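This briefing walks through selected features of the structure shown below, grouped by topic. It is meant to be read alongside the coordinates.

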Amino acid sequence: MKTVLLIEDDTVLRENTAELLELSNYEVITAANGQIGLEVARNQTPDIIICDIMMPILDGYGVLEGLSKHDNTKFIPFIFLSAKTERGDVRKGMNLGADDYITKPFSEDEILSAIESRIAKATILKDERESANNTSDTNEDELRTLNDLKNFFDDNGKIFNYSKNDIIYKEGHNSNYIYLVTKGIVRCYKFDEKGKELTTALYKEDDLFGYTSFTDNIPYRETAIALKDVEMVGVSKAQLKEVLDKNHKLTLEVIQLLTDDITGVKDQLLQMAYSSVQRKTALTILRFAEKINSKPEDPIKISRNDLASVAGIATETLIRTMSHFKKQGLIEMEGRNIKVLDLQKLQDIH
């Protein structure tokens with residue numbers, strides 16, 4: 001059973017949240033302020049810490065800073081819990097090393113999902129650290145995997161935040177940065193000579209994007225837009241080139257990433273050229289579901305224009321096809337929300 005340390009000065013919220021987590025099979029330790037919470041963390045080493053920002057005696061920033069100074073606590077995943085939604089407060093917490101933040105009021109699914117994902121990530125990173133320590137010929141400074149590269153982005157990258165529908169970069173702009181998405185979804189698209197928009201890629205949390213060339217100053221070949229609020233870190237091409245020059249095993253991993261991207265683009269072109277309208281629509285719905293949700297059957301909220309752009313068909317044609325799917329009981333639609341009801345049948349459409 002995983003242990004959660006909940007640091008919250010609001011008694012009602014602390015007790016209600018603790019009860020919710022205990023019902024979800026977590027062992028919960030509570031603390032009424034940051035000073036108590038910091039001592040508990042040092043003595044009991046929980047699996048994850050959820051901490052309010054604004055508290056008496058010692059606030060959440062002080063707790064996080066205190067944890068970072070001790071070897072047994074500095075790697076514990078840390079989630080800020082706050083009613084404050086100002087970007088500066090959240091940004092300050094993330095800059096100090098917080099893994100995530102949740103804004104009050106929050107839903108049960110929201111807090112449980114955050115806990116599960118952060119514990120899973122911490123477990124993976126712990127395994128990688130232990131594996132590296134057990135390998136005698138490993139160079140501690142060498143980057144070997146894409147996860148190492150993403151950690152390099154987190155440690156050395158410049159932080160960017162975009163609101164929903166903000167343009168991240170436009171086709172033709174100088175491609176100075178390679179980006180790692182840490183939150184949200186990015187859509188890339190191009191226009192043909194007739195002005196028809198075509199989505200070229202979708203990127204979600206933990207995806208790298210924006211690479212046109214790692215050596216030459218080639219402009220971006222597409223436009224990138226935030227499908228929902230996006231947070232990402234960017235590393236300059238000069239920084240990345242220097243890293244790849246020094247880490248040859250990592251270079252091979254990046255080559256494999258580019259190869260996978262090319263394969264994906266070819267599959268998309270093949271689908272657009274030869275698949276039926278129904279199959280294009282079905283695969284596009286599933287593609288968005290995969291990018292937006294942890295489970296394909298969860299509802300997605302997406303515009304019909306974006307779906308049509310990815311599928312490469314007219315919006316009117318897509319709407320008619322989706323109405324047909326709805327009548328067949330394959331999907332459920334309410335406004336912009338789409339829910340997959342029969343995943344297997346949707347995958348099998350030709």
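In this predicted model, helix 2 (residues 34–44) lies across strand 1, strand 2 and strand 3, and its direction makes about 160 degrees with that of strand 1. Helix 1 (residues 11–23) likewise lies across strand 1, strand 2 and strand 3, running at about 165 degrees to strand 2. The points below begin with the sheet to which these strands belong, and then turn to a second sheet, a hairpin, a buried threonine and two helix pairs.

**The parallel sheet**

- Five strands make up an open sheet with parallel pairing, in the order 2-1-3-4-5; at its edges are strand 2 (27–31) and strand 5 (100–103), each of which pairs on one side only.
- Averaged over this sheet, and with direction ignored, neighbouring strands are turned by 20 degrees against each other.
- Strand 1 (residues 3–7) is joined to strand 3 (residues 48–52) by 4 bridges in the parallel sense, and it pairs with strand 2, also in the parallel sense, over 5 bridges.
- Val4 takes part in the register on both sides, standing opposite Ile48 in strand 3 and opposite Val28 in strand 2.
- Because 5 of the 5 residues of strand 1 are buried, this strand is largely enclosed by the rest of the structure.
- The cover extends to both faces of strand 1, with Thr3, Leu5 and Ile7 buried on one side and Val4 and Leu6 buried on the other.

**The antiparallel sheet**

- A further open sheet contains 4 strands in the order 6-13-8-11, and its pairing is antiparallel.
- Strand 6 (158–162) and strand 11 (208–209) are the edge strands of this sheet, each with a single partner strand, so one side of each is left without a neighbour in the sheet.
- Strand 8 (residues 177–183) and strand 11 run antiparallel and are joined by 2 bridges, with Tyr179 standing opposite Phe209 of strand 11.
- Helix 6 (residues 146–156) lies across strand 6, strand 8, strand 11 and strand 13 (230–236), and runs at about 90 degrees to strand 8.
- Helix 7 (residues 237–246) also packs on the sheet, where it touches strand 8 and strand 13, and its direction makes about 65 degrees with that of strand 13.

**The hairpin of strand 9 and strand 10**

- Strand 9 (residues 186–191) and strand 10 run antiparallel and are joined by 6 bridges, and Arg187 has Leu202 of strand 10 as its bridge partner.
- The two strands form a hairpin with 5 residues between them, and Gly195, which lies in the turn, has a positive phi of about 85 degrees.
- Strand 10 (residues 197–203) is mostly covered, since 5 of its 7 residues are buried.

**Thr223 and its surroundings**

- Thr223 belongs to strand 12 (residues 223–226), and it counts as buried because its relative accessibility is 9%, which falls under the 20% cut-off.
- A polar atom of the Thr223 side chain lies 3.1 Å from the backbone nitrogen of Glu171.
- With neighbours within four places in sequence left aside, Thr223 is in contact with Ile167, Tyr169, Lys170, Glu171, Arg187, Cys188 and Tyr189; among these, Arg187 is the residue whose bridge partner in strand 10 is Leu202.

**Helix packing around helix 11**

- Helix 9 (residues 277–292) packs with helix 11 (residues 315–327) at an angle of about 80 degrees, and their axes are 10 Å apart; the two helices are therefore roughly perpendicular to each other.
- Helix 9 contributes Val277, Gln278, Thr281, Ala282 and Ile285 to this contact, while helix 11 contributes Thr317, Leu318, Thr321, Met322, His324 and Phe325.
- The residues of the contact between helix 9 and helix 11 divide into 6 nonpolar and 5 polar, with no charged residue.
- Helix 10 (residues 304–311) packs with helix 11 at an angle of about 100 degrees, with their axes 9 Å apart, and that makes helix 10 roughly perpendicular to helix 11.
- In this second contact, Arg304, Asn305, Leu307 and Ala308 of helix 10 meet Thr315, Leu318, Ile319 and Met322 of helix 11, and the residues divide into 5 nonpolar, 2 polar and 1 charged.
- Leu318 and Met322 of helix 11 appear both in the contact with helix 9 and in the contact with helix 10.

Conventions. Residues numbered from 1 in each chain as written. Predicted model: local features only at pLDDT ≥ 70, side-chain atom pairs only at ≥ 80, totals over all residues. Heavy atoms only, no water. Pairing = 2+ DSSP bridges. Contact = heavy atoms within 4.5 Å. Axes fitted to C-alpha atoms, helices over the stretch in contact; angles between N-to-C directions. Parallel < 35°, antiparallel > 145°, perpendicular 65-115°, else oblique. Nonpolar A, V, L, I, M, F, W, Y, C, P; charged D, E, K, R; others polar. Buried < 20%, exposed > 50% of the residue type's maximum accessible area, 1.4 Å probe, protein only. Polar contact = N/O pair within 3.5 Å; in protein donor to acceptor, adjacent residues only side chain to side chain.
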